[in-house]
Amino acid sequence: MNSILNTMLLQAQVATEQASTHKFEVTVAVITVIFIGIVGYLISIDRKLSKLEKK
Amino acid sequence: MVIKWWKILGAVLVLYALVWGLLTPIPKLAILEESIRNLFYHVPMWFGMVLLLLGSMVNAIKFLRKGDLKDDIKSAQLANVGVLFGMMGIVTGMIWAKNTWGAYWTNDPKLNSAAIGMLMYFAYIVLRSSIEDEEKRARVSAVYNIFSFPVFVVLIFILPRLTASLHPGNGGNPGFNSYDLDSKLRLVFYPAVIGWTLIGYWIADLAIRKELIKQKQLDHE
C-alpha cells in the first residue's frame, strides 16, 4: 500500500515539474516581444501624426 | 507629443492579459482543456468590436445632430476597426470550433448571426465608398449605422439565447462564468476586454487623425 502511494506521489511530482518546465516561458517571452514591438510602432505613428498636426 | 494615458493603459492591460492568460491556472474541463484560455483572446475581440461599433453609432448620431463632418470621419474609422476586430473574432472562433466542436463552421444561431452582422457592416463600408458627395455620404451612412448597431446587438446577443446553441452562454448552454468559481478567469478576462477595446480606439484614433490631416490638405488645395 505504502509503495503504491509512493509511486503515485512521485508521478504527481514528475507531472507538475514537466508542466512548469516545458520552456513555456520562452513562448511567453516571444509573445511579449511581438506585442511590445507592435505598441512601439503605434507610438511612433502617433508621434508622427502629432508633428503633422502641429504644422 | 505625449502619448495619451489611456493608450498606454490599453497596452499594459493587453500585455498583462496576453501573458497571464497563458500562465493562470484554469479549471480542468473535458473537450475544452487548455483551449479554455481562448476566453482571454477570442472573446475580447467580440466585446471590443461591440464597444467600437457603439462608439461608431454615437458619432453617427452626433453627426446628424450637428452636421460636423469630423464626426462622420470618427464614426467611419471606428466602424472600420470594429469590423477588423469582428473578423479576428470570426477566424479565431473558427479555429476554436474546429478543435472543440469538430468543424470550422456549424449552422449555429450564434455563428450565423455573427456572419450576418459582419455582412451588415461590410455593406456599410461599400455604401460609404459608393457615394461621391461628402455631405450625402455622411448623412446616408450615419442613418444606416444607427439602424445597424441595434440590429447587430439583437442578432448576436439576444436571438442566439432564444434557441438551442453550441456556443457557451447561449440557448441553455452555460457561459464560462459558471466554471469560474474563484474568479481567476475574470481576473484576466475583464482586463483583456478593456485593454483590447482601448487598443482598438487607439488604432481608430490614428486613422481618424490621418483622415483629418488629409481633409485639411484637400481644403488647402
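## A nonpolar patch across two chains

Phe24(A), Tyr16(B), Trp20(B), Leu23(B) and Leu187(B) come together on the surface as a nonpolar patch of about 460 Å². Keep in mind as you look around that this is a predicted model. Helix H1 of chain B, residues 5–23, gives the patch its largest share, with three residues. Leu23(B) sits in that helix, and its relative accessibility of 37% makes it partly exposed.

## How chain B is put together

Chain B is a helical affair: six helices and zero strands. Walk along the sequence and the pattern reads α-α-α-α-α-α. The radius of gyration of chain B is 19 Å, close to the 17 Å that the globule rule gives for 221 residues, so chain B is as compact as a globular protein of that length.

Its C-alpha trace spans about 65 × 40 × 25 Å along the principal axes of chain B. As for burial, 46% of the 221 residues of chain B count as buried.

## A positive patch

Now for the charged side of things. Six residues, Lys62(B), Arg65(B), Lys66(B), Lys70(B), Lys74(B) and Lys216(B), cluster on the surface in a patch of positive charge. Two helices of chain B, H2 (42–66) and H3 (69–100), each put in at least two residues of this patch. H2(B) has the largest share, with three residues.

Lys74(B) is worth a quick look here. This lysine belongs to helix H3 of chain B, and its relative accessible area of 30% makes Lys74(B) partly exposed.

## Salt bridges: a buried pair

Side chains of opposite charge can pair when their charged atoms come close. Counting over all chains, the structure has nine salt bridges. One of them joins Arg128(B) to Asp72(B), with 3.0 Å between the closest N and O atoms. Arg128(B) is in helix H4 (residues 109–129) of chain B and Asp72(B) is in helix H3 of chain B, so this pair ties together parts that are 56 residues apart in sequence.

Are the two partners buried or exposed? Arg128(B) has a relative accessibility of 13% and counts as buried. Asp72(B) is at 6%, and it counts as buried as well. The cut-off for that label is under 20% relative accessible area.

## Salt bridges around Glu211(B)

Which lysines does Glu211(B) pair with? Lys210(B) is one partner, with its side chain meeting that of Glu211(B) in a salt bridge at 3.4 Å, N to O. Lys214(B) is another, and its salt bridge with Glu211(B) comes in at 3.5 Å, again N to O. Lys214(B) and Glu211(B) both belong to helix H6 of chain B, residues 186–220, where they are three residues apart, about one turn of the helix.

Accessibility fills in the picture. Glu211(B), at 16% relative accessibility, counts as buried. Lys210(B) is partly exposed, with a relative accessible area of 45%, and Lys214(B) is partly exposed too, at 42%.

## A network with residues from A and B

There is also a linked set to trace. Asp46(A), Glu53(A), Lys7(B), Asp205(B) and Arg209(B) are connected in a network of salt bridges. If you're following it on screen, you'll want both chains in view, given that the network has Asp46(A) and Glu53(A) on one side and Lys7(B), Asp205(B) and Arg209(B) on the other.

## Positive phi in the H1–H2 loop

Most residues other than glycine have a negative phi, and most peptide bonds are trans. With that in mind, which loop holds Ile31(B)? Ile31(B) is in the loop between H1 and H2 of chain B, and its phi is near 65°, a positive value in a residue other than glycine. Ile31(B) is also exposed, with a relative accessible area of 62%.

Glu33(B) lies in the loop between H1 and H2 of chain B too. Its phi is also positive, about 45°, although Glu33(B) is not a glycine. At 54% relative accessibility, Glu33(B) counts as exposed.

How values were computed
Residues numbered from 1 in each chain as written. Chains lettered and ligands numbered in written order. Predicted model: local features only at pLDDT ≥ 70, side-chain atom pairs only at ≥ 80, totals over all residues. Heavy atoms only, no water. Patch = residues over 30% accessible without salt bridge, like charges linked within 9 Å, V, L, I, M, F, W, Y side chains within 5 Å. Areas by Shrake-Rupley, 256 points an atom, 1.4 Å probe, with all protein chains shown as cover. Salt bridge = Lys/Arg side-chain N within 4 Å of Asp/Glu carboxyl O. Lys, Arg positive; Asp, Glu negative; His and termini not counted. Charge placed at Lys NZ, Arg CZ, Asp CG, Glu CD. Helix = DSSP H or I, 4+ residues; strand = E, 2+ residues; numbered from the N terminus. Buried < 20%, exposed > 50% of the residue type's maximum accessible area, 1.4 Å probe, protein only. Rg over C-alpha atoms; globule rule 2.2 N^0.38 Å.
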